[in-house]
Amino acid sequence: MRPFRYYDVIRIGPVQVATFHNGRGQTKHIAACTAPKCGFSTEHFDRSAAELAARTHRCTA
């Protein structure tokens, strides 16, 4: 399986939000924290939901 190709990447604080196509051809959006030892990441069907998750995320690490 080919690795995901992320596009339309933005950064909101320590969280990156990107869009990709999964193995079923669906467009999905991901929000992932880049802080060390944080581990926060979520997948959403709506870009606005991923951006909201990025804006409201608070690192616990």
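1. Start with Ala32 and what surrounds it. In this predicted model, Ala32 touches Pro14, Val15, Gln16, Phe40 and Ser41, leaving aside its neighbours within four places in sequence. The residue lies in strand β3. Ala32 is partly exposed, with a relative accessible area of 24%. Its C-alpha is 9.2 Å from that of Ala50, and the two are 18 residues apart in sequence.

2. Compare the contacts of Ala31. Leaving aside neighbours within four places in sequence, Ala31 is in contact with Val15, Gln16, Val17, Phe40, Ser41, Thr42 and Ala50. Ala31 also belongs to the largest nonpolar core. In a regular strand, side chains alternate between the two faces of the sheet.

3. Next, the core itself. It has eight residues in all: Ile12, Val15, Val17, Ala31, Cys33, Cys38, Ala50 and Ala54. At least two residues of this core come from each of β2, β3 and α1. Nonpolar side chains tend to be buried together in soluble globular proteins.

4. How are the strands ordered in the sheet? The order is β1-β2-β3-β4, in an open sheet of four strands with antiparallel pairing. β1 (7–12) and β4 (41–44) stand at the edges; each has a single partner strand, so one side of each lacks a neighbour in the sheet. From one strand to the next, the twist averages 20°.

5. Look at the first hairpin. β1 pairs with β2 (residues 15–21) in the antiparallel sense, over four bridges. Tyr7 has Thr19 of β2 as its bridge partner, and Arg11 has Gln16 of β2. Two residues stand between the strands of this hairpin, where Gly13 takes a positive phi near 65°.

6. Now the helix. Which strands does it touch? Helix α1 (residues 47–56) packs on the sheet and touches β1, β2, β3 (27–33) and β4. The direction of α1 makes about 160° with that of β2.

7. Which residues of α1 are buried? They are Arg47, Ala50, Ala53 and Ala54. Seen down the axis of α1, these buried residues fall within an arc of 125°, so they line one face of the helix. Their cover includes β1, β2, β3 and β4. Ser48, Leu52 and Thr56 are exposed on the other side of α1. An α-helix has 3.6 residues a turn, so residues three or four places apart point the same way.

8. Charged pairs deserve a look too. The count comes to four salt bridges. One of them joins Asp8 to Arg47, with the closest N and O atoms 3.7 Å apart. Asp8 lies in strand β1 and Arg47 in helix α1, so this pair ties together parts that are 39 residues apart in sequence. Is each partner buried or exposed? Asp8 is partly exposed, at a relative accessible area of 49%, whereas Arg47 is buried, at 16%.

9. Follow the charges along the helix. Glu51 and Arg47 meet in a salt bridge through their side chains (3.1 Å, N to O). Being four residues apart in α1, Glu51 and Arg47 are separated by about one helical turn. Glu51 also forms a salt bridge with Arg55 (3.6 Å, N to O). Glu51 and Arg55 are likewise four residues apart in helix α1, about one turn. Arg55 is partly exposed, with a relative accessible area of 49%. Shared partners in these salt bridges join Asp8, Arg47, Glu51 and Arg55 into one network.

Key:
Residues numbered from 1 in each chain as written. Predicted model: local features only at pLDDT ≥ 70, side-chain atom pairs only at ≥ 80, totals over all residues. Heavy atoms only, no water. Pairing = 2+ DSSP bridges. Axes fitted to C-alpha atoms, helices over the stretch in contact; angles between N-to-C directions. Contact = heavy atoms within 4.5 Å. Core = buried A, V, L, I, M, F, W, Y, C linked by side-chain atoms within 4.5 Å. Buried < 20%, exposed > 50% of the residue type's maximum accessible area, 1.4 Å probe, protein only. Arc of directions from axis to C-beta.
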